[in-house]
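Me: I want to go through the labels on this fold one at a time. Please set each value against its definition.

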Amino acid sequence: MIKLGSILTITAVLLTGCTMIPQYTRPEAPIPAAWPSGPAYKETPATQGGPVAADLQWREFFADERLQRIIDTALKNNRDLRLAALNVERARALYRIQRAELFPIVATDFTATKQHARISGGTGLVTLKEYGASLGISSWEVDFFGRIRSLSKRALEEYFATEQARRSAQILLISEVASAYLTLAADRENLKLAQSTLESQQAGFNLIRRRFEVGLAPELDLRQAQTRVDAARVDVAKYTEQVAKDENALNLLAGSMVPADLLPGELSAVKPLPDVAPGTSSEVLLRRPDILEAENTLKAANANIGAARANFFPRISLTSAIGSASGDLSGLFKSGSFVWNYAPQIVLPIFDARTWSALRETKVEREIAVAQYEKAIQGAFREVADALASRGTLGDRMKAQQSLVDATAKTYQLSTARYEKGIDIYLNVLDAQRSLYTAQQGLIANQVRLYAVLGGGSDPTPAN
C-alpha cells in the first residue's frame, strides 16, 4: 500500500519536473528596425520630444474633463469590454481546471449492500449484508513525462492571451470614444455653420428678390440665390441628422446615455492633446497588447507540442484506497475490519498512427502561430507608419486650409459689396470653412490614432 506521504512526494517531484516542450525562442520581427523616413514623415523622428505612448496613461493624454468622464463610463458599462473581461475569467477557470489534473483527487466512499442469495453448498437462501467505508484515489495519472504539465502550460498561455485581448479591447474602446466625441464636436460646429450660412443665404435671397421686384436684377440671379438657400437647408437637415447619429454612437460606446452636460460644444474648445513619440526603434511595437496576445498564442502552440510528444511514452495511472468493511454496520470500524487496495496501471503505446499525425498537427499549428505573430507585427508597423505620415502632413494641410478660409472670407466680403452695386454675384464661404473643420478634426483624430497604435491607453502589462 502506497502511503499518502509518498503520494505527496511524487506530486511535488512531478510539479517541478521537466517536460518535452521545445525551447521557446521569440521569432525575429519581420519589420525594419527604424521607422520610415521621407517627405511625409518630417518632424516625426523618435528623437522628437514627447513621452512614449505605452508609458502615458489615458487620463494624462485626454485632459478634457468631460471626455474623461465619458471614457470612465465606457470602461464600466461597455458590453464589448465586459465580454472581453468575462473571456479572461473563463480562460482563468479553464487553466485552473487543467492544472488541477496534476493533483490526485481524494474522495471518500460509503457503501451498503444487501442481497438475498444462495450460498454454494447451502440448502436455502440467505440474506447477505456488507457495509464499507473507504478513502482513496481514483485513476490519478502520474505525470512522469510532462503531458499534463504541457497541457497546463498551454492553458496558461491561452489565459494570458485572453488578458492581452482584453487590454487591446480597452485601447480600442478608449480611442473609439475619443474619436466619437471629436466627431460629435466637429459635426455640431458644422451644424452651427450650416445654420449661419442658411441665415446669410436667406438674407441675400431677400435682397435679390427686392431688386428683382423693382427690375434691378434678372430672374437668373433670383433663381441662383434660391438654389443656394435650398442647398443650405439641405446642409442644416444633414448635419442635424448627423449630430443625432453621433450622439447615438457615443451612447453605444459608453454603454449608457451620456448626460447632456458632458457632450462637447465646439471642436476648438476641446483641450489640446500632447504629442507622443514613437520611440527610438520599432521594437516598441512588441509592447502592444495585440502583439503580446499573438505571442502568447504562439507559446501555447509550442507547449502543445510537448503534450503530443509525451503521448509516445507510457501513461501511468494509480487507483488506491484504504477503509473498513464489515457484514455488520456496528462492526464497521472495529478491529480487524481494515481493508485496502492498490491498482497501478501502465499503458505502453506500441503502434498508433494517430500519435504521429497529432504531433505533426501540433508542429503545423505552431508554424501557423508564428505566421500570425509576424503578420500582427507587420500590421502594427503599417498602422504606426500611416499615423506618422498623417502627422507629418496634417500641419501643412491645416495651414493651407486656414489660409484658404481667410482668402475665401475676404472674397465673400468684397463680392457682397460689389453685388450690392450690381457688379458681381453673391458668394459664400461654407465649403472652405467646413473643410477647415474637417482638417482640424483630422489633426486631433490623428493624435488619438497614433496614441492607440503605439499601445497607449491600456492597463500595465500583466506579468507572464
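Me: In this predicted model, which residue of β4 is the bridge partner of I322?
Reply: W340 is the bridge partner of I322. Also in β4, F338 is the bridge partner of S324.

Me: What makes β3 and strand β4 (residues 338-347) a pair?
Reply: The cut-off is at least two bridges between the strands. β3 and β4 are joined by 10 bridges, so they count as paired. The two strands run antiparallel.

Me: How do you know that strand β2 (residues 125-142) pairs with strand β3 (residues 315-326)?
Reply: The same cut-off of at least two bridges applies. β2 and β3 pair over 10 bridges, in the antiparallel sense. One residue to look at is Y131, which stands opposite S326 in β3.

Me: What is the order of the strands in the open sheet?
Reply: The order is β1-β2-β3-β4, with antiparallel pairing. From one strand to the next, the twist averages 25°.

Me: Why are β1 and β4 said to stand at the edges?
Reply: β1 (106-118) and β4 each have a single partner strand. One side of each is therefore left without a neighbour in the sheet.

Me: On to the helices. Why are α5 and α6 called roughly antiparallel?
Reply: Angles over 145 degrees count as roughly antiparallel. The axes of helix α5 (residues 147-213) and helix α6 (residues 219-254) cross at roughly 160°. That is why α5 and α6 are roughly antiparallel to each other. Their axes come within 7 Å.

Me: What is the hand of the α5 and α6 crossing, and which residue classes make up the contact?
Reply: The crossing of α5 and α6 is left-handed. The contact of α5 with α6 has 20 nonpolar, 9 polar and 11 charged residues.

Me: Why are α4 and α5 given the label roughly antiparallel?
Reply: The cut-off is again over 145 degrees. The axes of helix α4 (residues 79-100) and α5 cross at roughly 170° and come within 9 Å. So α4 and α5 are roughly antiparallel to each other. Their contact divides into 13 nonpolar, 5 polar and 5 charged residues.

Me: What makes α3 and α6 oblique?
Reply: Oblique is what remains outside the other ranges: under 35, 65 to 115, and over 145 degrees. Helix α3 (residues 65-77) and α6 pack at an angle of about 55°. That value falls in none of those ranges, so the label is oblique. The axes are 7 Å apart.

Me: Which residues make the contact of α3 and α6?
Reply: α3 brings I70, T73, A74 and N77. α6 brings L250, L253 and A254. By class, the contact has 5 nonpolar, 2 polar and no charged residues.

Me: How do you know that the end-to-end distance of α5 agrees with its expected span?
Reply: At 1.5 Å a residue, the 67 residues of α5 should span 99 Å. The end C-alpha atoms of α5 are 95 Å apart, which agrees. α5 is followed by G215, with a positive phi near 85°.

Me: How does α6 do on that check?
Reply: The 36 residues of α6 should span 52 Å at 1.5 Å a residue. The end C-alpha atoms of α6 are 53 Å apart, so the values agree. After α6 comes G255, whose phi is positive, near 80°.

Note on methods:
Residues are numbered from 1 along each chain as its sequence is written. This is a predicted model: local features need pLDDT of at least 70, side-chain atom pairs count only at pLDDT 80 or more; totals for chains, interfaces and linings use all residues. Side-chain values use heavy atoms; hydrogens and water are left out. Axes are lines fitted to C-alpha atoms, for helices over the stretch in contact, and angles run from 0 to 180 degrees between N-to-C directions. Helices (H or I, at least four residues) and strands (E, at least two) are DSSP runs, numbered from the N terminus. A crossing is left-handed if the near helix is turned anticlockwise from the far one by less than a right angle, and right-handed if clockwise. Ala, Val, Leu, Ile, Met, Phe, Trp, Tyr, Cys and Pro count as nonpolar, Asp, Glu, Lys and Arg as charged, and the others, Gly among them, as polar. The expected span of a helix is 1.5 Å times one less than its number of residues. Contact means heavy atoms within 4.5 Å.
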